[in-house]
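Visitor: I'm new to this structure and would love a close look at a single part of it. Could you show it to me, and then walk me through what sits around that part too?

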Amino acid sequence: MTYIITEPCVGVKDASCVAVCPVDCIYATDEDDQYFIHPDECIDCGACVPECPVNAIFAEDEVPDQFQAWIPVNHEYFKAERDEFYSKFRDLIAAAKEKNRDSEHANAELYNR
Ligand code: SF4
Ligand code: SF4
């Protein structure tokens, strides 16, 4: 199994989870709108879950219905080429970004660039 980062992370991306992961398996580039957990590296410790200010992280078999689309997003981020990944999920991520735009946790820097 693995843990999955879901929609609420989009545009927040504060890296609180990254700071506590014992195996450093949470990744993103500066250009990405959210963090992603490497499914083959995650040891299912759950340490990242309570650190997330927007409750974006779930065990894969406990992802709520409304965030199910984020399961393939996490898996394919590590399998697909970057262009292929973003052509597939661009609309989904853009919609989440728009939805989270007014979140009190939203990263102002992200939206001001
Ligand atoms: S569950 Fe543990 S190993 Fe997996 S991403 Fe979270 S902190 Fe890292
Ligand atoms: S702690 Fe939550 S919002 Fe922050 S980067 Fe991790 S998943 Fe995203």
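Where does helix 3 bend, and by about how many degrees?

Guide: Happy to, with one thing up front: this is a predicted model. Helix 3 bends at F89, by about 60°. You can see the effect in the length as well. Helix 3 runs over residues 82–100, and a straight helix of 19 residues would span 27 Å at 1.5 Å a residue. Between its end C-alpha atoms, helix 3 spans only 23 Å.

Now for what is buried and what is exposed along helix 3. I93, A96 and N100 are buried. D91 belongs to helix 3 too, but D91 counts as exposed because just 9 C-beta neighbours lie inside 10 Å, and the cut-off for exposed is 12 or fewer. If you want a landmark from elsewhere in the chain, try Y35: D91 and Y35 are 56 residues apart along the chain, and their C-alpha atoms are separated by 17 Å.

Keep following the chain and you leave helix 3 for the loop that leads to helix 4 (108–112), which is where D102 lies. D102 is exposed, since it has 9 other C-beta atoms within 10 Å. Along the sequence D102 and G11 are 91 residues apart, yet in space they are 9.8 Å apart, C-alpha to C-alpha.

Helix 3 also has a share in the interior. The largest nonpolar core has 22 residues, and those with the most contacts inside it are I5, C17, I37, C48 and I57. Helix 3 supplies at least two residues of this core, and so does each of strand 1 (3–5), strand 3 (36–37) and helix 2 (70–77). As a rule, nonpolar side chains in soluble globular proteins tend to be buried together.

I57 is a good place to pause in that core. Leaving out residues up to four places away in sequence, I57 touches Y3, I5, C17, C48, V49 and C52. One of these, V49, is in the loop between strand 3 and strand 4. V49 is partly exposed, because it has 16 other C-beta atoms within 10 Å. To tie this back to helix 3, compare V49 with A96: they are 47 residues apart in sequence and 20 Å apart in space, C-alpha to C-alpha.

Some of those names come up again around the ligands. Ligand 1 has 14 residues around it, with C21, C42, C45, A47 and C48 coming nearest. That shell is made up of twelve nonpolar residues, one polar and one charged. Ligand 2 is surrounded by 14 residues, and the closest are C9, V12, S16, C17 and C52. Here the shell divides into ten nonpolar residues, one polar and three charged. So C48, on the list for ligand 1, and C17, on the list for ligand 2, are both among the core residues with the most contacts.

Let's finish with a few loop residues. The loop that holds V49 is also home to D44. D44 has a positive phi of about 60° although it is not a glycine. With 10 other C-beta atoms within 10 Å, D44 is exposed. D24 also has a positive phi without being a glycine, near 50° in its case. You'll find D24 in the loop between helix 1 (16–20) and strand 2 (26–27), and D24 is exposed, with 9 other C-beta atoms within 10 Å.

Last stop, E31, in the loop between strand 2 and strand 3. E31 counts as exposed because it has 7 C-beta neighbours inside 10 Å. The C-alpha atoms of E31 and F78 are separated by 15 Å, and the two residues are 47 residues apart along the chain.

Notes:
Residues are numbered from 1 along each chain as its sequence is written. Chains are lettered from A and ligands numbered from 1 in the order in which they are written. This is a predicted model: local features need pLDDT of at least 70, side-chain atom pairs count only at pLDDT 80 or more; totals for chains, interfaces and linings use all residues. A residue is near a molecule or strand if its C-beta atom, placed from the backbone, lies within 6 Å of it. Ala, Val, Leu, Ile, Met, Phe, Trp, Tyr, Cys and Pro count as nonpolar, Asp, Glu, Lys and Arg as charged, and the others, Gly among them, as polar. Helices (H or I, at least four residues) and strands (E, at least two) are DSSP runs, numbered from the N terminus. The expected span of a helix is 1.5 Å times one less than its number of residues. The bend at a residue is the angle between axes fitted to the seven residues ending there and the seven starting there. A residue is buried if 20 or more other C-beta atoms lie within 10 Å of its own, exposed if 12 or fewer, and partly exposed in between; C-beta atoms are placed from the backbone. A nonpolar core is a set of buried Ala, Val, Leu, Ile, Met, Phe, Trp, Tyr and Cys residues joined through C-beta atoms within 7 Å. Two residues are in contact if their C-beta atoms, placed from the backbone, lie within 7 Å.
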